[in-house]
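Me: I would like to go through a structure with you. May I ask about a few details as we look at it?
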Amino acid sequence: MAWTLWALSSRYIDMAENAKDSEVMEKIVSLSKRRGFIFQGSEIYGGLAGIYDFGPRGVELLNNIKKSWWKANVYDKENYFGLDAGMFKHPKVWEASGHVGGFSDPLAECRNCNARVRVDKELAKIGVVADEKMSEEDINKLFDEHRDKIKCPNCGKKDFTKVRAFNLLVKSNLGDFTSEGNDPVYLPGEACQGIYLDYKNIVDTMQPKIPFGVAQIGKAFRNEISPRNFLFRTREFEQADTQLFIRPNENKDAFEAIKKDRWNWYRSLGIKEEKLRFKQHENLVFYAKDAWDIEYEFPTGFDEVEGIHDRTDYDLSQHMKFSGTDLRYTDPETAEKYIPWILETSMGMGRVFLAVLCDAYHEDEMGGETRVVLKLAPHLAPVKAAVFPLLKNKPELVAKAREVYAMLKKEIPQVMFDDNGNVGKRYRRQDEIGTPWTITIDFDTLGENPDLLNTVTLRDRDSGEQKRVAISELLPLLMASIRV
Ligand code: GAP
């Protein structure tokens, strides 16, 4: 089902800016479903807006992106520590962080069809910028000035309610056995808060010297008014965050180094340079002193995949004030005490997953036919190689193919055996999954041509080129191609 329809079925507006872009996106959504990458959440019940499931191929691709991120941000660094904090946090955390008071989007409802719109996004469509820090009163004034130009994207009418600041935090009743729900435990609005809460534990147990970093991949939940563009804006998502704790005012060079480092990581995923760009924020969110986005050019245009934020001492100062715990760092050499400043990188895992899919998606011609192929970097591909017997009704070919498959699978678990349909169909299927290598066992493998005994046909996904390779060479060749 098309991504536009998924969202509309839940009364939320989700429209591509123009038909051609929407066509490419719909092809990617359709492939994601067809090949087991992404499923709509609760699909058999008609779906739940803004929630998606990663299918068997999707979870592999997702895990490979996470592994690459973890390697770059924990293993390849000397002064970064990994963390996996609990999702639920003391209710005061979200007051201290500013989310209870200031984490909202401006919402208006169409009086004709009841569609809900994000007013800042509708204003942006007509070239009017609404500052993130605007009060409810100010954004109402701005909206009133432009009401006559803003059409409901669902029914086309221009009849909206007043604008209301809608808080995005999602509440739970964890540990609350009353019916009032007065002191809710929130689901995380951003994953990074766990790092601030464990900062003191990390200092006490790891005795790190500043500057040091903490890296975490964690879930976040936001009651988005209009989830849109497939995985781009969802209500449940994962964030991969790093927080670098630095000395006050030593932010400038470190910030530039982080920007460069993050850019190189996107390039290491195989993402084309021309599809990436930096964008500095004009309107800073409540906690930031400086903020840059890394944007990817999706079929619908450039949009944010990661935020890099200079958060100064905002977070630790707030948690020190609200918790009453001393969160100052003591310099081990000088005994000087100070609240560290924080430089943050915060990446949306779903957005990067989508960027990787969009970047890998190609249609080309091979053997006189149009084919769809995902040109994924081999270290990200969910299936590294597929082993085929040329014919599935020849037991001797199947037995040899199974033997090669078992030998490879022992070392590379993401190898699959495929004997479904003819070889042409198997190639098409593996191209759509993004499998870099396919290996065919034929009669020559068994010695029909004695010179080719124990050799196989190895096909390269991107060029379609086939070459004859000894079975003994397969493992080293595959290992070298998937190494990061
Ligand atoms: N801790 C900082 C923070 O949360 P953010 O800019 O709100 O900053 C960081 O979010 C990243 O999380 C974004 O760059 C984006 O990739 C991802 N993200 C934010 N909201 C999202 C949503 N509703 N759906 C999917 N990804 C989202």
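Me: Which backbone oxygen lies 3.2 Å from a polar atom of the side chain of Lys 384?
Reply: That is the backbone oxygen of His 379. Please note that the model is predicted. The side chain of Lys 384 also reaches the backbone oxygen of Pro 378, at 2.9 Å.

Me: Where is Lys 384 found?
Reply: Lys 384 is in the loop between strand S18 (369-374) and strand S19 (385-389).

Me: Is Lys 384 buried or exposed?
Reply: Lys 384 is buried, and it has no salt bridge.

Me: Why does Glu 60 not count as a salt-bridge partner?
Reply: A salt bridge requires a side-chain nitrogen of Lys or Arg within 4 Å of a carboxyl oxygen of Asp or Glu. Glu 60 is the nearest side chain of opposite charge to Lys 384, and it is 7.1 Å away.

Me: Which residues does Lys 384 touch, leaving out those up to four places away in sequence?
Reply: Among them are Asn 64, Ile 412, Gln 414, Trp 437 and Ile 482.

Me: Now the surface. Which residues make the nonpolar patch of about 250 Å²?
Reply: Met 87, Phe 88 and Leu 174 make that patch. Phe 88 lies in the loop between strand S3 (80-83) and helix H4 (91-96). The relative accessible area of Phe 88 is 37%, so this residue is classed as partly exposed.

Me: And the whole chain: how many helices and strands does it have?
Reply: The chain has 14 helices and 23 strands. Of its 484 residues, 52% are buried. The chain exposes about 22,600 Å², and carbon and sulfur atoms supply 50% of that area.

Notes: Residues numbered from 1 in each chain as written. Predicted model: local features only at pLDDT ≥ 70, side-chain atom pairs only at ≥ 80, totals over all residues. Heavy atoms only, no water. Helix = DSSP H or I, 4+ residues; strand = E, 2+ residues; numbered from the N terminus. Buried < 20%, exposed > 50% of the residue type's maximum accessible area, 1.4 Å probe, protein only. Lys, Arg positive; Asp, Glu negative; His and termini not counted. Polar contact = N/O pair within 3.5 Å; in protein donor to acceptor, adjacent residues only side chain to side chain. Contact = heavy atoms within 4.5 Å. Patch = residues over 30% accessible without salt bridge, like charges linked within 9 Å, V, L, I, M, F, W, Y side chains within 5 Å. Areas by Shrake-Rupley, 256 points an atom, 1.4 Å probe, with all protein chains shown as cover.
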